[in-house]
Amino acid sequence: MAIDTAPFRIGQGYDVHVFGEGDHIMLGGVRVPHDHGVVAHSDGDVALHALCDALLGALALGDIGVHFPPSDERWRGADSLGLLRHCVALVGERGWKLGNADITIVCERPKVGPHAALMRQRIAETCGVDVDAVSVKATTSEKLGFTGRGEGIAAQAVALLVRA
């Protein structure tokens, strides 16, 4: 078995949830008022789910479905910051830490900008990094596809891991 001597690892993640009934969605660990909720087994935070997948992917540890299967009732309604804490712990146990993360949320609504600073703060605190190591931004899909039609929300994340 080869010893991994790489000074860094990179992972990427992607998550999608369809809108459903509700009056808010969770994004980046922040309750964002909205005229819909999301259909999800946990709290459906696409930003944190994408980041979890990026962290797990950087170390070839599978995805959040492997670690938090929707068939397991323990995860029903779970706070995604807790899921992120678990993934950060797995990273640390293997001798790595988050260098930086870049998250893009794709939706027409709700507006992400007014909440981005608090999202960055919550994610940074959970990951044990400075807030300047976490980027949260948003884009629309110019009214194209499921996000453009307002049927759901998506997020992409990239994480750089460095030796702890």
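Start by selecting H17 in this predicted model. Leaving out residues up to four places away in sequence, H17 touches V38, V39, A40, G44, V46, H49, G152 and I153. Colour by secondary structure and H17 appears in strand β1. Its relative accessible area is 12%, so H17 is buried, the cut-off being under 20%.

Next, show the side chains around H17. One polar contact, of 3.5 Å, links the side chain of H17 to that of H49. Another, at 3.1 Å, runs between the side chains of H17 and D15.

Now move the selection to D15. This residue also belongs to strand β1, which spans residues 8-20. Is D15 buried or exposed? The relative accessibility of D15 is 14%, which means that D15 counts as buried. Beyond residues up to four places away in sequence, the contacts of D15 are V46, H49, A50, I153, A154 and A155. V46, H49 and I153 can be kept on display from the previous step, since they are among the residues that H17 touches and also among those that D15 touches.

Then select D15, H17 and H49 together. Which annotation covers these three residues? In an unreviewed UniProt entry, they carry the annotation "binding site". The set is spread over 35 residues of sequence but clusters in space, with a largest C-alpha distance of 10.3 Å.

Finally, add a surface and turn to the largest pocket. From the annotated set, D15, H17 and H49 are part of the lining of this pocket.

How values were computed:
Residues numbered from 1 in each chain as written. Predicted model: local features only at pLDDT ≥ 70, side-chain atom pairs only at ≥ 80, totals over all residues. Heavy atoms only, no water. UniProt positions renumbered as here; feature names shortened; annotations may be inferred. 1 Å grid on protein atoms, 1.4 Å probe; cavity = no way out; pocket = protein on both sides within 12 Å on 5 of 7 lines; lining within 4 Å. Helix = DSSP H or I, 4+ residues; strand = E, 2+ residues; numbered from the N terminus. Buried < 20%, exposed > 50% of the residue type's maximum accessible area, 1.4 Å probe, protein only. Contact = heavy atoms within 4.5 Å. Polar contact = N/O pair within 3.5 Å; in protein donor to acceptor, adjacent residues only side chain to side chain.
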